Amino acid sequence: CHPSLDVLETETAMQVIVDVSGVPREALRLLIREGVLIIAGEKAPPSSKGEQTFHLVEREFGRFARAVRLTGAFDIAKSHARLAHGELTIVLPKMADRRGRAHLIPISPGTERRA
């Protein structure tokens, strides 16, 4: 099984949308390790009821794992996923980029040294 996915970036987050039609939430697992999002799961074949003769088989079944390399800084603690209508949507909020901003350095009063 090799579910299709889209990766899109908005101003505030990275989103990964995966087609997992027929896969229950309990059969999915999400993991982020070293900048790679891993989406794993299993799509079970439909249970057969009596003798059947297939004339065409295009749907895939079985275990799957998809890996998506992420570039950028994300607030993993605030990430979330939602499963609805056969689509798994994973949202990874971006961390605010603080490079290029001016930062004031406070100066504390000290004692003067005389030579």
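Which residue in β4 is the bridge partner of L28? I shall answer that in a moment, after a word on the model. Good morning, everyone. The structure before you is a predicted model, and my subject today is its strands.

To the opening question, the answer is G41: in β4, this residue is the bridge partner of L28. The two strands concerned are β3, covering residues 28–33, and β4, covering residues 36–43. They run antiparallel and are joined by 6 bridges. Between them lies a hairpin with 2 residues between the strands, and there E34 takes a positive phi near 50 degrees.

Let us now follow β4 to its other partner. Strand β5, residues 62–69, runs antiparallel to β4, and 8 bridges join the two. Two pairs may help you to find this pairing in the structure. I39 has R66 as its bridge partner in β5, and G41 has F64 as its bridge partner in β5. Please note G41 in particular: G41 is the partner of L28, and G41 is also paired with F64.

We can now assemble these strands. An open sheet of 3 strands has the order β3-β4-β5, with antiparallel pairing. Its edge strands are β3 and β5, each of which pairs on one side only. On average, neighbouring strands of this sheet are turned by 15 degrees against each other, direction ignored.

Allow me to pause on one residue of the edge strand β3, namely L31. Is L31 buried, partly exposed or exposed? L31 is partly exposed, because its relative accessible area is 28%, which lies between the limits of 20% for buried and 50% for exposed. Leaving aside residues up to four places away in sequence, L31 touches V36, L37 and I38. By contrast, consider E58: L31 and E58 are 27 residues apart in sequence, and their C-alpha atoms are 29 Å apart in space.

I turn finally to another sheet. How many strands does the open sheet with the order β1-β2-β7-β6 have? This sheet has 4 strands, and the pairing is antiparallel. The edge strands are β1 (5–9) and β6 (80–84), and each of them pairs on one side only. Here, neighbouring strands are turned by 15 degrees against each other on average, direction ignored.

Within this sheet, β2, residues 13–19, and β7, residues 87–93, pair in the antiparallel sense over 7 bridges. To locate that pairing, look for M14, which stands opposite L92 in β7.

Thank you for your attention.

Key
Residues are numbered from 1 along each chain as its sequence is written. This is a predicted model: local features need pLDDT of at least 70, side-chain atom pairs count only at pLDDT 80 or more; totals for chains, interfaces and linings use all residues. Side-chain values use heavy atoms; hydrogens and water are left out. Two strands pair if DSSP finds at least two bridges between them. Axes are lines fitted to C-alpha atoms, for helices over the stretch in contact, and angles run from 0 to 180 degrees between N-to-C directions. Buried means under 20% relative accessible area, exposed over 50%, partly exposed in between (1.4 Å probe, protein chains only). Contact means heavy atoms within 4.5 Å.
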